[in-house]
Amino acid sequence: MHFVQWRDTITAAREYLLGVSIELERRRVVQETPDNIQRSLELAAYFTHCQLQPPHMQIALRSAIGVFAKANNHAHAGRFARRLLELNPDPNIISQVRPKTSILGRTCETIFGSGFDVLGFCTKLVVY
């Protein structure tokens, strides 16, 4: 293998390890402190920013859509739905996700207030 191939393999492995660690932490938080919705949402959003292969990114985005919709944060669920549709998923997934994208255009207060920013917290918080 050439150096570039090794580097790419190590980078991919790092991203997958990070993604799995984030999702396991989110599941632990949900189980141990179910009232800590904000942390659960943060971790679900983090997971969608890992550099995964498209089929695995679809899984991460579908998970985030479910978590955010369950928390009545439909604006962000719609954003994740739009990202999912950009990956050209299976037609069955499209039919489930398309209605959530219409919510994206609406403005609503989330449980964090109107200033919650998915990308902003990714640079400020540390995943433990």
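## Helix H2 and its burial

In this predicted model, helix H2 is mostly covered, with nine of its 11 residues buried. The buried residues of H2 are Arg39, Ser40, Leu41, Glu42, Leu43, Ala44, Ala45, Tyr46 and Phe47. Helix H2 spans residues 37-47.

Two neighbouring helices, H1 and H3, touch H2, and each of these contacts is described below.

## The chain as a whole

The protein chain contains six helices and zero strands. Read from the N terminus, its elements follow the order α-α-α-α-α-α. Of its 128 residues, 38% count as buried.

Contacts can also be sorted by how far apart the partners lie in sequence. Among contacts between residues at least 6 apart in sequence, 62% join residues at least 24 apart.

## Packing of H1 against H2

The axes of H1 and H2 come within 9 Å of each other and cross at roughly 160°. Because this angle is over 145 degrees, H1 is roughly antiparallel to H2. The crossing made as H1 passes H2 is left-handed.

On the H1 side, the contact involves Gly19, Val20, Ile22, Glu23, Glu25, Arg26, Val29 and Val30. Their partners in H2 are Arg39, Ser40, Leu43, Ala44, Tyr46 and Phe47. Sorted by class, the contact of H1 with H2 comprises eight nonpolar, two polar and four charged residues.

## Packing of H2 against H3

H2 and H3 pack at an angle of about 160°, and their axes are 8 Å apart. H2 is therefore roughly antiparallel to H3. Here too the crossing is left-handed.

From H2, the residues Ser40, Leu41, Ala44, Ala45 and Phe47 take part, and they meet Ala60, Ala64, Val67 and Phe68 of H3. The residues of this contact divide into eight nonpolar, one polar and no charged.

Ser40, Ala44 and Phe47 of H2 appear in the contact with H3, and these residues also appear in the contact with H1.

## Packing of H3 against H4

The axes of H3 and H4 come within 8 Å and cross at roughly 165°. H3 is therefore roughly antiparallel to H4. The two helices make a left-handed crossing.

H3 contributes Met57, Gln58, Leu61, Arg62, Ala64, Ile65, Phe68 and Ala69 to the contact, while H4 contributes His74, His76, Ala77, Phe80, Ala81, Arg83 and Leu84. By class, these residues are 10 nonpolar, three polar and two charged.

## The nonpolar core

The largest nonpolar core has 25 residues, and those touching the most other members are Ile22, Leu52, Ile65, Phe68, Phe80, Leu84 and Val97. Helices H1 (3-32), H2 (37-47), H3 (54-70), H4 (74-86) and H5 (91-103) each supply at least two residues of this core. The largest share, seven residues, comes from H3.

Ile65 lies in helix H3. Its relative accessible area is 4%, and residues under 20% count as buried, so Ile65 is classed as buried. Apart from neighbours within four places in sequence, Ile65 is in contact with Ala77, Phe80, Ala81, Leu84, Val97 and Lys100. The C-alpha atoms of Ile65 and Gly78 are separated by 7.3 Å, although these residues are 13 residues apart along the chain.

Leu84 is another of the core residues that touch the most other members. When residues up to four places away in sequence are not counted, Leu84 touches Gln58, Leu61, Arg62, Ile65, Pro89, Ile93 and Val97. Contacts with Ile65 and Val97 are thus part of the surroundings of Leu84, and Val97 is also among the partners of Ile65.

## Two loop residues with positive phi

Asn72 is found in the loop between H3 and H4. Its phi is near 60°, a positive value in a residue other than glycine. Asn72 has a relative accessible area of 53% and is therefore exposed, the cut-off for this class being over 50%.

Asn88 occupies a place in the loop between H4 and H5. Although Asn88 is not a glycine, it has a positive phi of about 55°. With a relative accessibility of 64%, Asn88 also counts as exposed.

Methods
Residues are numbered from 1 along each chain as its sequence is written. This is a predicted model: local features need pLDDT of at least 70, side-chain atom pairs count only at pLDDT 80 or more; totals for chains, interfaces and linings use all residues. Side-chain values use heavy atoms; hydrogens and water are left out. A nonpolar core is a set of buried Ala, Val, Leu, Ile, Met, Phe, Trp, Tyr and Cys residues joined through side-chain atoms within 4.5 Å. Buried means under 20% relative accessible area, exposed over 50%, partly exposed in between (1.4 Å probe, protein chains only). Helices (H or I, at least four residues) and strands (E, at least two) are DSSP runs, numbered from the N terminus. Contact means heavy atoms within 4.5 Å. Axes are lines fitted to C-alpha atoms, for helices over the stretch in contact, and angles run from 0 to 180 degrees between N-to-C directions. Angles under 35 degrees count as roughly parallel, over 145 as roughly antiparallel, 65 to 115 as roughly perpendicular and the rest as oblique. A crossing is left-handed if the near helix is turned anticlockwise from the far one by less than a right angle, and right-handed if clockwise. Ala, Val, Leu, Ile, Met, Phe, Trp, Tyr, Cys and Pro count as nonpolar, Asp, Glu, Lys and Arg as charged, and the others, Gly among them, as polar.
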